[in-house]
Amino acid sequence: MAGSIALRHTAELTAQPRATTESGIVRWLLISVALAFLVIFLFVPLVAVFAQGLQKGVTAYFDALRQPDALAAIRLTLLTAAIAVPLNLIFGVAAAWAITKFEFVGKSLLITLIDIPFAVSPVISGLIFVLLFGLQGWLGPWLDSHDIKIIFAVPGIILATIFITFPFVARELIPLMQAQGTEEEQAALVLGASGWQTFFRVTLPNIKWGLLYGVILCNARAMGEFGAVSVVSGHIRGQTNTMPLYVEILYNEYSFAAAFAVASLLALLALVTLAAKSIVEWKTQQQLLTDERVAVKESL
Amino acid sequence: MILKQRSILPGFGLAMGFTLLYLSLIVLVPIAALFLRTTSLSWGEFWTIVTAPRVLASYQLSFGASFVAALVNAVFGLLIAWVLVRYSFPGKRIIDALVDLPFALPTAVAGISLTSIFVKTGWLGKYLEPWGIQVAFTSLGVIVALVFIGLPFVVRTIQPVLEDLDEELEEAAASLGANRWQTFSRVLLPPLLPALLTGFALAFARALGEYGSVVFISGNMPMRTEIVPLLIITKLEQYEYASATAIAVVMLVASFILMLVINLLQRWSSSRHLATV
């Protein structure tokens, strides 16, 4: 989950000694209850998205996706993610570098400030940008006189998305880089590397899986954000609707099959995100194991 | 007082400068705008807005439903984490990956999906209807949606702690004559408590601000099933910026307090965790 990369070792407990496990019936019962809960709350909603999307047949499904408004929504979603994710990536790396490789006063405060978007409700996240850039906002009159539209236009959507997905990369990198320490970078500098060489050749390879993990989470959230974008977008069809907003419009118009068709694309994105997440976690564990083996060999 | 230790590593100025600039522009200035906007109201006006019956009803729903949902997630999350860590069964790895689905799925998609399942004619709703249980368009529906949203928080917080628990403690308890329930409640549960509370708080905080997955299933009836985020949006659409801001500030303060509590809980949990490892 957001936090550190899962450093959990999947301990496959085979042949449990009888003293430290429950009787077979209890185990069976617990597994059944857990699975029933997960089926109701995870599987059924997931399957429902696809089933409802295909309710009117496959042709209707693809027709819904080919609508110009749908395509515009898909384009806007992709554009938003394409801007928000790289920006937050650069920020995450910069913040993690400053926080983990140096000692200074106010570090915890900075980390807490970075976490603010996580604590704030999405609707409030949208609200603050309306207060800043809306017609009645601080900068409203100035923007209006220069004919710059931010709220109820694409820039507002991008800004709100950047705010919402702000901490993801930083939060992944900070624990990771903190655990890695500064020894390797210092060694590189002593051997004559410049700052940028050190970063690209020493730091970056070490953090690549954490970085990828953060980017994956950031992207999933950027594409799926609903509340904040709903506030700033103005819901103008064909122009300021992202995919989640478009789903809402279709649903409120009772075009259920079409709404679920578009929603199924987002659900597919979620499944791809989960798969990518699992792969990155597996790769991280592998890297940890190889690192341990190398460390053991060197200590012999 | 030394503000920063000397270091041979380069790039502090650049990294820190960019970080602070970006942070201020994207986060701090907008948040400040919110608080400053409320200062345009007097205390009396602020109080009147925040204690209006409709607003109070929405606070009650948001806080109440979030609390119940987080509680449900605490219980079942512990169970699911236990089952995933301790037992093996077919499909376990897929289920383990799927636990993160609420975290990856866009909230609007979750919202319409849950609604379609729990309406009277829905896949699950039609089984509950003969019993007189209505889920969609009631506060029960809100709770269901919030349970979905908070599910991964408890599971993912407890899993690492559960995995690192020392088997020796359990074996010692068993050899001293404890049955499984006693071992669980007296030996295993205490070290898990910080993580459990952290997960609960995280699920609660997330549920509090949730909009997308709730707004479809709740029915949005004022005074009955209107959550705070929706109320804020309604006020915004009516251009009552001052009301929206006042209501939002209360939520924001509550969120910040929660954030503080979660930080403290996480620190307590990690100090316990490191002590037992």
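Let us start with B:Ser243, a residue of helix α13 (residues 241-276) of chain B. Keep in mind throughout that this is a predicted model.

Is B:Ser243 buried or exposed? A residue counts as buried if 20 or more other C-beta atoms lie within 10 Å of its own. B:Ser243 has 23 other C-beta atoms within 10 Å, so B:Ser243 is buried. Leaving aside residues up to four places away in sequence, B:Ser243 touches B:Ile49 and B:Lys235. There is also a long-range pairing to look at: B:Phe46 is 197 residues from B:Ser243 in sequence, yet the two C-alpha atoms are 8.0 Å apart in space.

From this one residue we can step out to the contact between the chains. Chain B contributes 84 residues to the contact and chain A contributes 80 residues. Which element supplies the largest share of the side of chain B that touches chain A? That is helix α1 (residues 12-38) of chain B, with 14 residues. Sorted by class, the side of chain B that touches chain A holds 61 nonpolar, 13 polar and 10 charged residues.

One helix pair across the two chains is worth a visit of its own. Helix α1 (residues 24-53) of chain A and helix α3 (residues 53-86) of chain B have axes that come within 9 Å and cross at roughly 120°. An angle that is neither under 35 degrees, nor over 145, nor from 65 to 115 counts as oblique, and α1(A) and α3(B) are therefore oblique to each other. Their crossing is left-handed. On the α1(A) side, the residues that meet α3(B) are A:Leu30, A:Ile31, A:Val33, A:Ala34, A:Phe37 and A:Leu38. Their partners in α3(B) are B:Phe76, B:Leu79, B:Ile80, B:Trp82 and B:Val83. By class, this contact of α1(A) with α3(B) has 11 nonpolar residues, with no polar and no charged ones.

Chain A can also be viewed through its domains: domain 1 covers 24-53 and domain 2 covers 59-299. Their C-alpha centres lie 30 Å apart. Where domain 1 of chain A meets domain 2 of chain A, the contact takes 5 residues from domain 1 and 8 residues from domain 2. The domain 1 side of that contact has 3 nonpolar, 2 polar and no charged residues.

Here are the class counts side by side.

| Contact | Nonpolar | Polar | Charged |
|---|---|---|---|
| Side of chain B that touches chain A | 61 residues | 13 residues | 10 residues |
| α1(A) with α3(B) | 11 residues | no residues | no residues |
| Side of domain 1 of chain A that touches domain 2 of chain A | 3 residues | 2 residues | no residues |

Note on methods. Residues numbered from 1 in each chain as written. Chains lettered and ligands numbered in written order. Predicted model: local features only at pLDDT ≥ 70, side-chain atom pairs only at ≥ 80, totals over all residues. Contact = placed C-beta atoms within 7 Å. Helix = DSSP H or I, 4+ residues; strand = E, 2+ residues; numbered from the N terminus. Nonpolar A, V, L, I, M, F, W, Y, C, P; charged D, E, K, R; others polar. Axes fitted to C-alpha atoms, helices over the stretch in contact; angles between N-to-C directions. Left-handed = near helix turned anticlockwise from the far one by under 90°. Buried ≥ 20, exposed ≤ 12 C-beta atoms within 10 Å, placed from the backbone. Domains from an automatic or database assignment.
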